[in-house]
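Visitor: I would like to learn how to read a protein model. Where do we start?

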Amino acid sequence: MDASSWHLPFTIGPYAVEIVTDRLSGVFLILLGTVTSCCALFSTDYLRHIKDKINLQLYWFALFLFVGAMAVVLSAGNAVFFLVAWEVMSLSSAALVIAEYRQHKAQRAGMIYLVATRIATALLCAGFLIMFSHSGSWSFSAWQFNEPSTWAAAAFILTGLCIKAGMWPFHIWLPHAHPEAPTPVSALMSGVMVKVAIYAAVRLFLNGNLNCQPLFYVLFVMATISAFWGVLFAINQRELKRLLAYSTVENVGLILLSLSLCLWAKNTNYPAISELALTALLLHCVGHGLFKSLLFLCAGSVDYSANTLELPRLGGLAKNMPVTTATFILGSAAICALPPLNGFVSKWYLYQALFASSMTMHSLVDRGLCLAVVGVLGCVGALAVACFAKATGVAFLGKGRTRPASDAKEVPILMVAAQLILGTACVGMGVASPAVVSILHPLLAPAESTAPSLALLQIVPLLPIGIGISVLTVLIMLVVLAKAPRQYKTWDCGFGSISPRAQVAADSFAQPITRIFTPVLRYNLVIDISGKDKRHFPEKIHVEPSMVSLLETKIYGPAGHWLDLLSIWLARLQAGSIHLYLMYMCISMVVLILLGTQLW
Amino acid sequence: MVNQLYITAFYVLFALLAPPVTLGTICKVKARLQNRIGAPLWQPIFDILKLLRKDETLSKTASWVFRFAAAINCSLAIYLVVSVPWLQPKPEWGGIDLFTFVYLLAAMRLFTLLAAMDTGSAFGAFAASREATLSFLVEPASVLSLASLGIVSNSPQLNIIFGFHNMHAFHPGLWAISGTALLLASIVELSRMPIDDPTTHLELTMVHEAMLLEASGRNLLLFEYANTLKLTVLFGLSAQCYLHLIPLPVDSRWEVYAIGSVVMLLVVAVTVAVFEALAVKLHWTKAPDFIAYAITLAVIGSILALGAGGI
């Protein structure tokens with residue numbers, strides 16, 4: 001491979017600081033660079049909006065560390081250096097999540113995020129230590145996961161990375177942390193940071209030839225659940241950034257699905273399928289990085305102009321903020337995988353990989369599994385369309401539901417420019433997908449294979465679709481819709497003008513779908529109609545929908561509760577007496593010496 | 001070369017004529033079954049001409065999205081018609097595969113939903129909500145039925161699936177089951193009876209028509225025309241599934257397939273009309289039960305396809 005490595009002149013303990021960049025890290029570094037530049041363009045004006053709420057010096061310092069650490073994680077050549085950078089990345093992003101530290105919500109989000117990153121790092125450390133004792137080296141290139149004795153390490157590392165990536169059932173930190181952070185940070189976290197975890201998984205397990213088939217099945221199923229779960233919760237959100245955060249859970253599910261299929265196919269010797277799945281993975285990482293940060297930046301613009309992100313308080317922004325609306329619709333179309341945008345390209349490759357698996361794989365069960373996932377993905381895709389139709393429709397279309405929403409102004413030119421750049425990248429990566437795939441190609445094809453690459457043979461004709469549809473649309477607009485229409489009010493059944501509150505609400509749009517999943521969402525609708533003649537002339541109508549996330553209330557909530565009790569109990573150890581502490585130290589020394597002599 | 005020209009001419013002619021005639025046939029048969037004379041077969045063409053002449057009224061609440069959605073919707077539908085082998089012969093430039101097909105339909109849906117929510121009318125937005133619900137329920141059925149056919153044809157390309165190349169792999173059972181699943185899914189996707197009655201005028205229950213409540217004149221024409229194209233494409237694909245039940249010789253002349261397809265499309269249209277005349281509209285909460293039939297058939301089709309089309 002065309003890897004280049006540098007040994008920096010300083011060390012961490014006895015271990016050399018080694019920087020390795022190759023095509024794989026290059027792909028992710030380009031993504032990091034693009035998203036960071038756009039966030040930088042966006043930040044100057046945006047920060048003026050929130051400057052009273054956050055400490056700007058702390059913000060810039062943490063942001064600089066965060067971006068730098070991500071770049072280092074992407075190019076670290078050995079595990080020690082990787083872990084140090086990983087920790088800097090986690091802690092600086094945690095500091096950014098609690099940037100608005102006076103808010104109770106931010107404190108809570110920061111706490112949940114910190115717990116998640118601690119567990120992830122602990123698992124990574126455990127896995128790295130096992131691998132070090134196994135291979136005797138900290139260098140990633142020396143690690144091979146093809147023996148059963150390394151599978152435990154692989155499981156630890158993979159779990160740690162999946163927590164960071166936000167896969168079901170470890171995703172719960174994501175919808176708390178992403179919305180609380182300032183918008184450019186949300187964009188970086190959702191767009192790039194979760195991909196850093198994916199990068200590490202590809203780097204370790206694909207190059208390390210992991211061959212633990214049961215692990216692939218588990219990952220495959222969990223990733224599918226993740227995709228479905230994410231989009232199902234996304235459609236039920238009332239806050240724009242939370243909706244986007246849940247949609248990240250969905251997309252991470254799709255990426256991990258590609259990863260598991262890629263490893264699985266490689267292990268069972270279907271190189272062509274593995275290659276298709278890897279193409280899907282890389283394209284979706286980059287693609288999702290672009291359109292998700294675009295959507296987050298648009299959400300930031302909404303916050304800037306309308307001063308809220310609550311969908312029930314928005315509406316009607318399309319008239320005053322036409323460019324932001326257009327870029328949000330573009331981002332929505334890309335995330336719904338509509339041709340000819342980049343979201344479609346990656347999803348198409350994933351579908352092709354699954355379809356090829358269900359045609360060629362040896363075992364009937366495997367083929368059935370892959371075909372079933374094709375069906376589930378169809379459903380996920382349709383839900384994503386519903387979800388983003390809701391987000392766009394309620395936030396941007398119709399009439400403004402509050403005064404600030406109706407009076408919103410288009411955001412300053414630099415913020416618009418950041419959105420336009422990302423939007424252009426989404427379109428460009430879609431219609432120029434053959435070129436993008438051919439750039440990735442040396443990464444995809446194993447060096448020893450001479451067979452013609454499948455990924456290059458099958459390319460979806462997105463350029464003709466793009467040109468054809470845009471030419472037709474322009475023609476129709478110019479010829480058929482040339483005549484200016486007569487303006488009139490929306491039909492009001494003759495009752496007089498409609499109040500903006502009579503429009504569809506975020507909850508009511510999703511209600512039929514929510515209802516179908518009542519058992520999963522614990523959906524409950526309490527309707528209270530009171531008054532003397534409540535059938536015909538009710539005086540008061542009170543409707544309150546409620547939704548309980550099963551995972552948080554039944555599993556994580558009790559777990560946190562028990563952890564609390566345990567720590568209160570353990571706090572008794574800290575009695576404040578120096579004699580007691582000296583005794584603890586003595587006892588632990590003796591125990592350690594005994595253990596050491598027994599083990600070795 | 002001359003043959004190619006004929007094929008293309010036939011294809012374009014049919015792309016223009018089949019949509020209104022199919023819709024006209026359904027209406028006419030339905031009317032006759034209800035003891036009415038009914039409008040002439042080419043009434044949809046008259047409707048198009050009428051809408052072209054009419055003035056357009058636009059809600060003051062609507063933004064640029066509303067008219068843009070109409071235009072892009074129609075162009076997506078036109079693109080779909082020319083790239084799908086919706087009637088033999090097929091598009092000569094290769095066409096699209098089943099996943100692109102499904103996602104082009106999804107693109108049409110997104111823009112229809114946006115247009116429905118753009119005028120601030122609760123009727124349109126709730127219809128959009130219903131459309132979104134129906135479409136997500138029915139999506140597995142349409143994807144799986146097409147994918148199962150793709151598996152026995154060894155390719156996801158629609159041109160190859162419906163290409164009569166592989167009549168040697170003759171699986172009438174599979175084609176019948178997947179074709180029926182596709183037909184049921186199309187009925188839901190187009191929100192026709194028994195999911196919704198396109199001829200009633202109750203905005204509180206309608207799906208497609210309520211979404212277009214605020215569209216008028218040429219704008220309405222674009223939406224309606226796009227829907228008619230979608231109807232023909234979806235019913236056309238089902239018709240081709242049924243055509244695969246007849247063991248046609250592999251190397252027949254293209255005219256045989258062309259005539260066969262036309263006849264089969266009309267047969268499907270008449271069947272749908274008869275079904276619509278007999279069926280009653282389902283209560284909204286019962287719609288998932290109907291969709292369950294489509295999904296079950298698609299799953300059975302997939303299992304058959306995975307077992308290499310046992311019957």
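Guide: With a definition: Ala, Val, Leu, Ile, Met, Phe, Trp, Tyr, Cys and Pro count as nonpolar, Asp, Glu, Lys and Arg as charged, and the others, Gly among them, as polar. Keep in mind that this is a predicted model.

Visitor: How many residues of each class are in the lining of the largest pocket?

Guide: The lining has 24 nonpolar, 12 polar and 12 charged residues.

Visitor: How is empty space found, and what volume does the largest pocket have?

Guide: Rolling a probe the size of a water molecule over the atoms shows where empty space is left. Here the largest pocket has a volume of about 1,400 Å³. Its lining counts 48 residues, and those nearest the centre are Leu23(B), Asp47(B), Pro198(B), Glu209(B) and Glu224(B). Helices of chain B that each supply at least two lining residues include α1 (2-33), α2 (43-53) and α9 (217-243).

Visitor: What span should helix α19 of chain A have?

Guide: Count 1.5 Å a residue: the 18 residues of α19, residues 462-479 of chain A, should span 26 Å, and the end C-alpha atoms are 25 Å apart, which agrees. The buried residues of α19(A) are Leu462(A), Ile465(A), Gly466(A), Ile469(A), Thr473(A) and Ile476(A). They cover an arc of only 115° around the axis, so they sit on the same side of α19(A). Leu478(A) and Val479(A), on the other side, are exposed.

Visitor: What follows α4 of chain A?

Guide: Gly136(A), with a positive phi near 75°. As for α4(A) itself, residues 104-135, an expected span of 46 Å agrees with end C-alpha atoms that are 46 Å apart.

Visitor: How many salt bridges does the structure hold?

Guide: Over all chains there are 12. One of them joins Asp22(A) and Arg203(A), whose closest N and O atoms are 3.0 Å apart. This pair links distant parts of the chain, 181 residues apart: Asp22(A) is in the loop between β2 and α1, Arg203(A) in helix α7. Both residues are buried.

Visitor: Where do Arg48(A) and Asp45(A) lie?

Guide: Both are in helix α1 of chain A, 3 residues apart, about one turn of the helix. They form a salt bridge with closest N and O atoms 2.3 Å apart. Buried means under 20% relative accessible area, exposed over 50%, partly exposed in between. Arg48(A), at 49%, therefore counts as partly exposed, whereas Asp45(A), at 9%, is buried.

Note on methods
Residues numbered from 1 in each chain as written. Chains lettered and ligands numbered in written order. Predicted model: local features only at pLDDT ≥ 70, side-chain atom pairs only at ≥ 80, totals over all residues. Heavy atoms only, no water. Helix = DSSP H or I, 4+ residues; strand = E, 2+ residues; numbered from the N terminus. Expected span 1.5 Å × (residues − 1). Buried < 20%, exposed > 50% of the residue type's maximum accessible area, 1.4 Å probe, protein only. Arc of directions from axis to C-beta. 1 Å grid on protein atoms, 1.4 Å probe; cavity = no way out; pocket = protein on both sides within 12 Å on 5 of 7 lines; lining within 4 Å. Points joined across faces, edges and corners; volume = space filled by probe spheres on them. Salt bridge = Lys/Arg side-chain N within 4 Å of Asp/Glu carboxyl O.
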